[in-house]
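Biologist: Please take a close look at a single part of this predicted model. I would like one connected account of the charged side chains and of the strands beside them.

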Amino acid sequence: MVIDTCTYIGHWPFRKLPCETLAETAARAEKAKITHIVCTNLNAIFYIDAMEGNRELLRQLRDYRGSVTVLPFAVINPTYIEWERDLRECAALGFAGIQLAPQYHGYSLADGCAAAAYRIAGELGLAVKIDVGFENIRQRSPLDTFTEVSGGELAALFAVSDRPVTIVSTAYPTLMGNEVIEAANRRSNVFFNLIYTDSFTDGQLEDCLQKYTAARLCFGTQTPFRYIEPQYVKLFCSDAADDEQREDILYRNLVRQLRGC
């Protein structure tokens with residue numbers, strides 16, 4: 001089993017992506033021997049009403065006939081007037097979790113609206129996913145946002161509730177600061193994926209394993225923004241992790257944590 005905690009469908013406004021449909025994204029995963037994908041519709045981030053994009057994902061999921069198990073995550077914008085209704089509807093519709101996109105929706109994870117969404121998601125049994133960044137800042141379009149999510153914001157969010165399973169994509173988890181490391185390690189359900197972490201330079205993966213342990217790490221590819229294969233290479237061609245730790249990162253940490261696994 002391999003759980004990919006970060007995949008997307010939909011249109012990215014700033015450059016053409018190689019696949020935009022669920023069938024295409026899932027086919028990429030299947031070819032790479034990935035069995036489960038956490039999937040979000042990018043359109044939902046940019047629509048005024050995120051639910052229009054969330055429902056697009058569900059319609060594609062109903063028509064999907066592939067072998068990869070899709071764990072749909074809904075985008076929730078807690079600054080939108082009907083966000084709580086949307087969140088509760090997503091739980092009823094069978095979403096496995098929600099994605100927060102503060103850098104595109106104009107709020108901080110330390111704000112009360114984010115705290116409320118995080119708390120209610122946990123009460124409803126939904127996981128919460130946060131991508132600190134989608135693109136390398138050096139190649140972003142000048143029309144894209146440059147807002148960063150800080151370690152202090154993440155630590156504040158983790159303190160709101162211990163119920164939501166939380167997945168964070170960030171460039172280098174240990175550089176978010178000791179406050180985040182300590183807050184995450186107090187929880188058994190906060191995970192950082194290794195999309196941006198390089199195992200061959202600067203000892204990044206070794207540092208993550210030391211400060212978070214393999215129990216706080218998970219696998220992700222950020223398909224279709226990035227290639228899948230390098231994510232395997234950093235795990236299997238590096239001596240940083242042993243076989244047991246690789247299994248934890250690839251699926252064991254999350255297999256009983258995510259709805260639909």
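**A salt bridge between two helices**

Modeller: In this predicted model, Arg55 and Glu89 are joined by a salt bridge between their side chains, at 3.1 Å from N to O. The pair ties together distant parts of the chain, since Arg55 belongs to helix α3 and Glu89 to helix α4, 34 residues apart. Arg55 is partly exposed at 32% relative accessibility. Glu89 is partly exposed too, with a relative accessible area of 26%. Buried would require a value under 20%, and exposed a value over 50%, so the 32% of Arg55 falls in between.

Arg55 also serves as a reference point for two other residues. Its C-alpha is 8.9 Å from that of Ala44, and the two residues are eleven apart in sequence. The other residue is Asp49, for which Arg55 is the nearest side chain of opposite charge, 4.9 Å away. A salt bridge needs a nitrogen of Lys or Arg within 4 Å of a carboxyl oxygen; Asp49 is buried and has no salt bridge.

Asp49 sits in the loop between α2 (42-46) and α3 (50-63). Its side chain reaches the backbone nitrogen of Met51 at 3.1 Å. With its neighbours within four places in sequence set aside, Asp49 is in contact with Tyr80 and Asp86.

Glu89 leads from here to the strands. Its helix, α4, spans residues 83-93 and lies on the path from β3 to β4, as described below.

Strand β3, residues 69-75, has six of its seven residues buried, so the rest of the structure largely encloses this strand. On one side β3 pairs with strand β2 (residues 36-41) in the parallel sense, over four bridges. One of the partner pairs here is His36 with Thr69, the latter in β3. Strand β4 (residues 97-100) also runs parallel to β3, and three bridges join the two. Among the bridge partners are Phe73 and Gly97, with Gly97 in β4. From β3 the chain passes through helix α4 to β4, and this β-α-β crossover is right-handed. A further pair is Ala74 with Ile98, the latter in β4.

Ile98 carries the description on to the next strand, as its bridge partner in β5 is Val128. Strand β5 covers residues 127-131 and runs parallel to β4, with four bridges joining them. Leu100 is likewise bridged to β5, where its partner is Ile130.

In a regular strand, side chains alternate between the two faces of the sheet. In β4 both faces are covered: Gly97 and Gln99 are buried on one side, and Ile98 and Leu100 are buried on the other.

These strands belong to an open sheet of eight, in the order β1-β2-β3-β4-β5-β6-β7-β8, with parallel pairing. At its edges are β1 (3-9) and β8 (217-218), each of which pairs on one side only.

Back to the charged side chains, for context. The count for the model comes to ten salt bridges. Among them is the pair of Glu20 and Lys16, whose closest N and O atoms are 3.5 Å apart. Glu20 is partly exposed at 23% relative accessibility, whereas Lys16 is exposed, with a relative accessible area of 65%.

Another pair is Arg246 with Asp243, whose side chains meet at 2.8 Å, N to O. These two are three residues apart in helix α11 (residues 243-252), which means that about one helical turn separates them. Arg246 is buried, with a relative accessible area of 9%, while Asp243 is exposed at 56%. Glu244, Asp248 and Arg252 are linked in a network of salt bridges.

To return to the starting point, the salt bridge of Arg55 and Glu89 runs between side chains and connects helix α3 to helix α4. Asp49, with Arg55 4.9 Å away, is buried without a salt bridge.

Conventions: Residues are numbered from 1 along each chain as its sequence is written. This is a predicted model: local features need pLDDT of at least 70, side-chain atom pairs count only at pLDDT 80 or more; totals for chains, interfaces and linings use all residues. Side-chain values use heavy atoms; hydrogens and water are left out. Buried means under 20% relative accessible area, exposed over 50%, partly exposed in between (1.4 Å probe, protein chains only). Lys and Arg count as positive and Asp and Glu as negative; His and the chain ends are not counted. A polar contact is a pair of N or O atoms within 3.5 Å; within protein, one must be able to donate a hydrogen and the other to accept it, and residues adjacent in sequence count only if both atoms are side-chain atoms. Contact means heavy atoms within 4.5 Å. Two strands pair if DSSP finds at least two bridges between them. A crossover is right-handed if, with the strands pointing away from the viewer, the path from the first strand over the helix to the second runs clockwise.
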